[in-house]
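Here is a brief report on one protein model. It moves from backbone to side chains to surface.

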Amino acid sequence: EYKAMVMAFLNGGADSFNMLVPMNCPLYDEYRDVRQRVALDPTTLHKINASGQPCSEFGIHPELDVFKELYDSNELAFAANVGSLVEPLDK
């Protein structure tokens, strides 16, 4: 069976912090404080469980039903906060 990993790098095409929102942990409070009026209400999000993360629960944007379905069937994983380097690292 053929399997592939597809990464979509959306250069300004999506607000990833409103696609995948921390829930029920101190990071949600930080998210809400920074996002203010555009912060999503956790009751509207598709809840998912995560292990090995600062928060054990995250919420997927309510318009992304298909992401929730794919995540639940182990066909989708999130790689948050990744992208191109702005300048080289020397470490």
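## Two positive phi angles

Asn24 sits in the loop between β1 (20-23) and α2. This is a predicted model. Asn24 is not a glycine, yet its phi is positive, at about 55 degrees. Is Asn24 buried or exposed? Asn24 counts as exposed, because its relative accessibility is 65% and the cut-off for exposed is over 50%.

Gln36 is another case. Its phi is near 50 degrees, a positive value in a residue other than glycine. Gln36 belongs to the loop between α2 and β2 (46-49). With 59% relative accessibility, Gln36 counts as exposed.

## Overall layout

How many helices and strands does the protein have? The secondary structure comes to three helices and three strands. Read from the N terminus, the order of elements is α-β-α-β-β-α. Helix α2 covers residues 26-35. Strand β2 covers 46-49. Helix α3 covers 65-72.

The C-alpha trace spans about 40 × 35 × 25 Å along its principal axes. The protein has 91 residues, and 19% of them count as buried. To count as buried, a residue must have under 20% relative accessible area.

## Salt bridges in helix α2

The structure holds four salt bridges. One of them joins the side chains of Asp29 and Arg32, at 3.3 Å from N to O. Why are these two separated by about one helical turn? Asp29 and Arg32 are three residues apart in helix α2, so about one helical turn separates them.

Arg32 also pairs with Asp33. Here the N to O distance is 3.8 Å. Asp29, Arg32 and Asp33 are thus linked in a network of salt bridges. What is the exposure of the first pair? Asp29 is partly exposed, with a relative accessible area of 36%. Arg32 counts as partly exposed too, at 38% relative accessibility. Both values fit that class because partly exposed lies between the buried limit of 20% and the exposed limit of 50%.

## Helix α3

Helix α3 carries a salt bridge between the side chains of Asp72 and Lys68, at 2.9 Å from N to O. Asp72 and Lys68 are four residues apart in this helix, about one turn. Asp72 counts as partly exposed, at 46% relative accessibility.

Glu69 lies in helix α3 as well. Its relative accessible area is 54%, so Glu69 is exposed. How far apart are the C-alpha atoms of Glu69 and His46? They are separated by 9.7 Å. Along the chain, Glu69 and His46 are 23 residues apart.

## The segment after α3

Leu76 is in the segment after α3. At 23% relative accessibility, Leu76 counts as partly exposed. Leu76 and Lys3 are 73 residues apart along the chain. Their C-alpha atoms are separated by 12 Å.

Val82 is also placed in the segment after α3. Which residues join Val82 in a nonpolar patch on the surface? Met5 and Met7 do. Together, Met5, Met7 and Val82 have about 360 Å² of accessible area.

## The second largest pocket

How much space lies in the second largest pocket? The pocket holds about 170 Å³. Its lining consists of Leu20, Ile48, Ala50, Ser51, Gln53, Phe58, Tyr71, Phe78, Ala79 and Ala80.

What is the character of the residues in this lining? Eight are nonpolar, two are polar and no residue is charged. Among the lining residues, Leu20 falls within β1 (20-23). Ile48 falls within β2 (46-49). Tyr71 falls within α3 (65-72).

## In brief

The model has three helices and three strands. Its four salt bridges include the network of Asp29, Arg32 and Asp33 and the pair of Asp72 and Lys68. Asn24 and Gln36 have positive phi without being glycine. Met5, Met7 and Val82 make a nonpolar patch on the surface, and the lining of the second largest pocket has no charged residues.

Note on methods. Residues numbered from 1 in each chain as written. Predicted model: local features only at pLDDT ≥ 70, side-chain atom pairs only at ≥ 80, totals over all residues. Heavy atoms only, no water. Patch = residues over 30% accessible without salt bridge, like charges linked within 9 Å, V, L, I, M, F, W, Y side chains within 5 Å. Areas by Shrake-Rupley, 256 points an atom, 1.4 Å probe, with all protein chains shown as cover. 1 Å grid on protein atoms, 1.4 Å probe; cavity = no way out; pocket = protein on both sides within 12 Å on 5 of 7 lines; lining within 4 Å. Points joined across faces, edges and corners; volume = space filled by probe spheres on them. Nonpolar A, V, L, I, M, F, W, Y, C, P; charged D, E, K, R; others polar. Buried < 20%, exposed > 50% of the residue type's maximum accessible area, 1.4 Å probe, protein only.
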